[in-house]
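Here's a friendly walk through one protein model. Let's take the cavities, then the sheets, then a pair of helices.

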Amino acid sequence: MTNYDAIDFSDLLALSDEEVVTHSFVRDVSLPSGKILALITLDNGLDYRRPNTLGPKSLLELDQTLVALRDRAAQGEIHGVALTGKEFILAAGADLSRVGEVPSKEMAVKLAQLGHRSLGRLGELGVPSFVFINGLALGGGLEVALNADYRTVDANVSAIALPEVFLGLIPGWGGAYLLPNLIGIENALKVIIENPLKNNRMLNASAAFDLGIADALFGSARFLEESLTWADSVLGGHQPHRPNQPGKIERLAKWNLAVNIAKKSVEDKLGTVAKSPYVALELLEQARKVDKEAAFAREDEAIASLIVGDQFQASMYAFDLVQKRAKKPAGAPDPKLARPVGKVGVIGAGLMARQFALLFVRKLKVPVVLTDINQEKLDEALAYIHAEIQSMHDKGRISSDENQRLQALVSGTTNPAAFSDADWVIEAVFEELSVKQEVFANIEQYVAEDAILATNTSSLSVKDIGAKLSHPERLVGFHFFNPVAVMPLVEVVNAPQANDTALATAMDTAKKLGKTAVITSDSPGFVVNRLLARLLGEAMHAVDTGTPFKTVDESVASFGMPMAPFELLDLVGLKVGAHVLDTHHAAFPDRFFRSDNLHKLAEHGSIIVRGRTGKITGYDRGAEAIVKGGTSPMTAEQIRLRIEDGLADEIHRMLEENVVSAAEDIDLCMIMGAGWPFQMGGATPFLDRIGASQRVFGGTFHTPVIAGTTK
């Protein structure tokens with residue numbers, strides 16, 4: 001058992017020079033019963049845009065506050081302790097701004113131990129402890145709540161999560177032990193493993209309450225008052241019902257089975273490159289059979305090893321991209337130039353158009369009108385959108401009033417004159433230059449002079465698309481990734497003729513849609529598709545010359561990508577993939593391959609074979625017959641080197657061409673748009689570490705090279 005009180009944490013203060021301290025303010029509250037509750041409010045003195053975080057100074061202050069309250073409780077001065085946060089915020093977890101500078105494993109262990117000591121006191125006060133989750137509660141912020149005896153949650157809270165494995169860490173202040181023993185192993189696996197690995201998905205208040213993370217759910221208007229009254233009832237003897245708390249049967253029969261299933265799922269989706277999910281799974285498995293003291297000691301050791309490991313260094317680079325660079329996009333014009341968008345027009349009624357319309361109406365809550373020449377297709381699109389909105393209501397994600405409002409905001413017509421008062425019009429038609437040119441030339445005669453036009457092209461020139469417009473300066477590229485609602489990236493293409501108003505409006509719109517926007521130049525494939533075309537082109541070239549599909553897929557396992565090349569082709573569609581390769585070969589014939597076989601495979605319809613659960617079970621025999629005949633097969637090692645060097649070469653060229661401002665923008669695009677593993681830190685640090693950058697252009701993208709894993 002670790003004696004946390006005997007540890008001297010003063011050396012951690014060297015990591016706190018620039019810490020924004022989250023203070024622990026205390027006031028006594030008289031409850032209806034006459035009992036006294038000490039209420040701690042966490043507050044860093046800044047507004048909601050700068051959440052409370054917990055660095056060494058903040059933790060030490062909280063620790064001292066709780067020690068003082070424990071002493072008061074022993075004297076009978078208070079009957080309970082509660083903790084809440086400043087407006088809209090409980091806490092966003094540990095202050096990660098200096099964690100990457102921790103000089104030794106010993107210091108990293110102390111950082112974990114300080115969190116355990118401070119937060120752990122919530123369960124050792126001698127009186128009941130409560131946390132009122134009034135706002136965002138992430139990572140260590142949620143662990144503050146888990147260390148208390150009881151929890152309430154504001155019904156409007158939308159961000160509750162333990163995202164640590166997404167960052168290359170594990171919940172290290174009690175979460176890996178406390179959560180499964182509170183809500184059961186299957187629910188804990190969802191929160192700690194599944195959600196972070198699904199684009200860092202979070203829980204809302206209702207979901208947290210249903211799981212049993214919170215014991216009571218109250219509306220925002222009287223959240224604090226009702227939480228205090230509820231706490232008073234607990235002090236009077238009321239005990240909340242916790243239906244998901246694990247019993248003997250779950251511990252004996254279901255626990256290890258659930259962990260093993262989760263482990264296999266992670267292997268299938270991520271491979272074995274990322275370390276943190278497997279460390280978390282081991283801790284979750286042990287949480288069944290060890291006591292709290294032993295579990296906390298294991299967490300101390302586990303998180304310390306990850307903090308000083310290479311994967312965390314790479315993750316922190318990626319974290320800074322997502323948290324900082326994404327919020328201040330390079331090359332963005334003054335946001336004040338953006339035009340307000342009060343109505344959206346969507347050209348088309350296919351799958352992408354439907355996804356656009358649904359996203360715009362959900363996020364902007366403005367009228368959205370679709371147009372198409374086919375009324376039947378329009379009717380199908382509207383039925384789909386209305387059904388999706390209804391489904392959100394049925395799942396409790398939106399109220400009845402919002403359901404009705406959103407349903408009424410979406411309409412469709414074959415008459416393009418409906419776009420006359422639209423502020424933003426985006427096309428979702430076939431990826432063919434002449435089609436897009438004609439669509440915009442036709443629609444321009446109906447839209448207002450100051451309306452912004454956007455194309456969702458994935459690889460065509462935005463300048464060429466606007467060649468038939470009278471006012472091409474208002475056309476921007478606005479490239480979504482599929483599925484639109486899930487993928488966080490939008491490539492905003494700054495075509496040569498685009499003016500700052502159009503660009504600013506595009507950036508502002510992307511932000512309001514909840515997307516990360518990166519500005520690119522008007523270059524074939526922009527960033528993500530250009531690099532994927534280089535990778536997929538090499539993959540098809542290897543197959544065309546006689547290499548089996550399986551060998552090609554296995555050759556890039558060390559990249560840690562979520563999909564092997566041919567699974568990715570299957571996802572984007574073989575016809576789309578063939579078109580993308582053709583487009584890039586036409587633009588850069590010296591280094592991008594096209595493939596006649598890929599066109600034949602597109603006509604055939606499949607490459608991979610899936611079982612009933614959707615898992616890949618092999619390769620289609622018809623597809624293997626189509627590509628049969630190559631006489632120069634490559635080894636997996638040869639293919640891997642070709643792809644590594646090809647990516648390094650293409651990124652180097654893109655930076656020289658100013659496709660984006662810096663290597664960081666390439667990495668941001670690949671992380672957010674292609675699923676490049678967060679723990680690898682992005683493409684350019686990885687290519688530096690494996691030597692591809694040096695082999696290709698005799699240098700590196702980053703100096704010094706960013707630490708991280710190579711496989």
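A cavity here is a set of points, on a 1 Å grid over the protein atoms alone, where a 1.4 Å probe fits but cannot get out, and its lining residues have an atom within 4 Å of a point. Grid points are joined across faces, edges and corners, and a volume is the space filled by probe spheres set on the points. Keep in mind that this is a predicted model, where local features need pLDDT of at least 70, side-chain atom pairs count only at pLDDT 80 or more, and totals for chains, interfaces and linings use all residues. Residues are numbered from 1 along each chain as its sequence is written, and side-chain values use heavy atoms, with hydrogens and water left out.

**The cavities**

With a cut-off of 30 Å³ or more, the structure holds 2 cavities. Here they are side by side, with residues sorted by class: Ala, Val, Leu, Ile, Met, Phe, Trp, Tyr, Cys and Pro count as nonpolar, Asp, Glu, Lys and Arg as charged, and the others, Gly among them, as polar.

| Cavity | Volume | Lining by class |
|---|---|---|
| Largest | about 40 Å³ | 6 nonpolar, 1 polar, 2 charged |
| Second largest | about 30 Å³ | 7 nonpolar, no polar, 2 charged |

The lining of the largest cavity includes A176, Y177, L283 and R298. Two or more residues of this lining come from each of α4 (175-183), α9 (276-286) and α10 (292-307); such helices (H or I, at least four residues) and strands (E, at least two) are DSSP runs, numbered from the N terminus. The largest share, 3 residues, belongs to α10.

Around the second largest cavity you'll find R325, P329, I519 and D665, among others. Both β17 (516-521) and α25 (663-674) supply at least two residues there, and β17 gives the most, with 3 residues.

**The sheets**

That same β17 turns up again in an open sheet of 8 strands, ordered β12-β11-β10-β13-β14-β15-β16-β17, with mixed pairing. Two strands pair if DSSP finds at least two bridges between them. Which strands sit at the edges, pairing on one side only? They are β12 (410-413) and β17. On average, and ignoring direction, neighbouring strands of this sheet are turned by 25° against each other.

Inside the sheet, β15 (residues 475-480) and β16 (residues 489-494) run antiparallel and are joined by 4 bridges. F478 has V492 in β16 as its bridge partner. On this sheet packs α25, touching β16 and β17 (contact means heavy atoms within 4.5 Å). The direction of α25 makes about 130° with that of β17; axes are lines fitted to C-alpha atoms, for helices over the stretch in contact, and angles run from 0 to 180 degrees between N-to-C directions. Helix α14 (residues 400-409) lies across β11 (368-371) and β12, at about 20° to β12.

There's also an open sheet of 3 strands, with the order β4-β6-β8 and parallel pairing. Its edge strands are β4 (89-91) and β8 (160-161). Between β4 and β6 (residues 136-138) there are 2 bridges, and I89 has L136 as its bridge partner in β6.

**A pair of helices**

Two packed helices are described by the angle between their axes and the distance between the axes. For α18 (residues 528-544) and α20 (residues 565-572), the axes come within 10 Å and cross at roughly 115°. Residues making the contact include L532, L536 and M540 of α18, along with F566 and L569 of α20. By class, this contact has 10 nonpolar, no polar and no charged residues.

Note on methods: 1 Å grid on protein atoms, 1.4 Å probe; cavity = no way out; pocket = protein on both sides within 12 Å on 5 of 7 lines; lining within 4 Å.
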